[in-house]
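Grab a pencil and work through these exercises one at a time. Try each task before you peek at the solution.

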Amino acid sequence: MTWELKTDRPIYTQLVDQIKLRIISGIYAPGEKIPSVRDLAFEASVNPNTMQRALSELERDGLVFSQRTSGRFITEDEKMINEIKDSLAKEQILEFFEKMEKLGYNKKDTLTLMENTLKEMA
Amino acid sequence: MNQILQCRNLTKGFSGRLALNNVNLDIERGRIIGLLGPNGSGKSTLIKLVNGLLTPNAGTVLVNGQAPGIESKKVVSYLPERTYLNDWMRVSNLISFFSDFYSDFDAKKAYDMLRRLNINPQDRLKTMSKGTKEKVQLILVMSREAQLYLLDEPIAGVDPAARDYILNTIITNYNREASVIISTHLISDIEQVLDDVIFINAGNIVLTSSVDQIREKEGKSVDTLFREVFRC
């Protein structure tokens, strides 16, 4: 998974989102140790201070915790991980409905269209 | 902790034309800063004043609490916009030269970087392409354990792959005690490694901000903002 950064949003919020994605998709497993700030910054080609800020934000949310001497770890709370997964999925759906509305489909039309597409694919 | 760089009411003119007008700046340690402005805006003048290569008409510069001089030069690593190195020298000569000159120079680090960029230490500077020469100079400058790096247009002449390597070198060399000031036009290439940006125009500082603050407030990249502020 590569780090993709867009130009119109703060970098640290994008880093937060991408690390969340890695946690949800299991690239970083619950309880797993994550690379150091320096290594992560190098991987993503970003400033270490910015990566630090992203990790502090994740720590505040409880998704990541740090152990003073041994580094940072992913939370072991799988319920929390699943909740974040659900909320991210919901965001995607809402965004999709919005886009469809711009194309002129209301929510009901969109659902019908989706069902039809699914049938075609089967 | 004390600031690495402080400018107070710094003014410099060349034959009646103001190159820098009453500039006030405070640079903290542990930051990577982009000094951005159109051609002739005063970027290089500012960097040369910090280096002691120019003397101000008015105002003061303090590097690590000291006026530019022998002591400040020990902690400043400077990449000039034009080379001052003798082009008959081999890269290995230059490395010994730098090792003699600067007590904080790490020759091993320099050789490692040369290897990564496939530059033969036995080559003479004058046989190299423009881009390779620039890489050599940047390697020399980044191989010091300085507290303030002043890079005047460090990436203009090198290809995109080497540019990435150079930026990654800057990130990996990151040190909480040291700051890096990069002057450039190639904003979109370096934007994501910067903490802060300074916009300078006609000798005046027009904006100092963090990159994320600009993106948050304006909803656009520093590059886009620059093109708007300095639209011709």
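**Exercise 1.** How are α1(A) and α3(A) set to each other: parallel, perpendicular or oblique?

*Solution.* Keep in mind that this is a predicted model. Two packed helices are described by the angle between their axes and the distance between the axes.

Step 1: get those two values. The axes of α1(A) and α3(A) come within 8 Å and cross at roughly 55°.

Step 2: put a word to the angle. Angles under 35 degrees count as roughly parallel, and 65 to 115 as roughly perpendicular. The angle of roughly 55° fits neither range, so α1(A) and α3(A) are oblique to each other.

Step 3: add the hand. The crossing of α1(A) with α3(A) is right-handed.

Step 4: look at who meets whom. From α1(A) come A:Ile11, A:Tyr12, A:Leu15, A:Val16 and A:Ile19, and they meet A:Thr50, A:Met51, A:Arg53, A:Ala54, A:Glu57 and A:Leu58 in α3(A). Sorted by class, this contact has eight nonpolar, one polar and two charged residues.

**Exercise 2.** Now do α2(A) and α3(A): at what angle do their axes cross?

*Solution.* Step 1: the axes come within 9 Å, and the crossing angle is roughly 115°. That makes α2(A) roughly perpendicular to α3(A).

Step 2: the hand of this crossing is right-handed.

Step 3: on the α2(A) side you'll find A:Val37, A:Arg38, A:Leu40, A:Ala41 and A:Ala44, while α3(A) brings A:Pro48, A:Met51, A:Gln52 and A:Leu55. The class count for this contact is seven nonpolar, one polar and one charged.

**Exercise 3.** Which elements give two or more residues to the side of chain A that touches chain B?

*Solution.* Step 1: start with the totals. Here 14 residues of chain A are in contact with 18 residues of chain B.

Step 2: name the elements on the chain A side. They are α1 (11-24), α2 (37-44) and α3 (48-61) of chain A.

Step 3: sort that side by class. You get eight nonpolar, four polar and two charged residues.

**Exercise 4.** In what order do the six strands of the open sheet in chain B run?

*Solution.* Step 1: read across the sheet, and the order is β5-β6-β7-β3-β8-β9, with mixed pairing.

Step 2: find the edges. Those are β5 (76-79) and β9 (204-210) of chain B, each pairing on one side only. From one strand to the next, the twist averages 15°.

Step 3: zoom in on one pair. Strands β3 (residues 32-36) and β7 (residues 179-184) of chain B run parallel and are joined by five bridges. In this pair, B:Leu35 stands opposite B:Ser183.

Step 4: look at what packs on the sheet. Helix α5 (residues 130-142) of chain B touches β5 and β6 (148-152), and its direction makes about 175° with that of β5(B).

**Exercise 5.** Is B:Leu117 buried or partly exposed?

*Solution.* Step 1: locate B:Leu117, which sits in the loop between α4 (107-116) and α5 of chain B.

Step 2: use the neighbour count. B:Leu117 has 18 C-beta neighbours inside 10 Å, and a residue needs 20 or more to be buried. So B:Leu117 counts as partly exposed.

Step 3: leaving out residues up to four places away in sequence, B:Leu117 touches B:Lys135, B:Ala162 and B:Tyr165.

Notes: Residues are numbered from 1 along each chain as its sequence is written. Chains are lettered from A and ligands numbered from 1 in the order in which they are written. This is a predicted model: local features need pLDDT of at least 70, side-chain atom pairs count only at pLDDT 80 or more; totals for chains, interfaces and linings use all residues. Two residues are in contact if their C-beta atoms, placed from the backbone, lie within 7 Å. Helices (H or I, at least four residues) and strands (E, at least two) are DSSP runs, numbered from the N terminus. Ala, Val, Leu, Ile, Met, Phe, Trp, Tyr, Cys and Pro count as nonpolar, Asp, Glu, Lys and Arg as charged, and the others, Gly among them, as polar. Two strands pair if DSSP finds at least two bridges between them. Axes are lines fitted to C-alpha atoms, for helices over the stretch in contact, and angles run from 0 to 180 degrees between N-to-C directions. Angles under 35 degrees count as roughly parallel, over 145 as roughly antiparallel, 65 to 115 as roughly perpendicular and the rest as oblique. A crossing is left-handed if the near helix is turned anticlockwise from the far one by less than a right angle, and right-handed if clockwise. A residue is buried if 20 or more other C-beta atoms lie within 10 Å of its own, exposed if 12 or fewer, and partly exposed in between; C-beta atoms are placed from the backbone.
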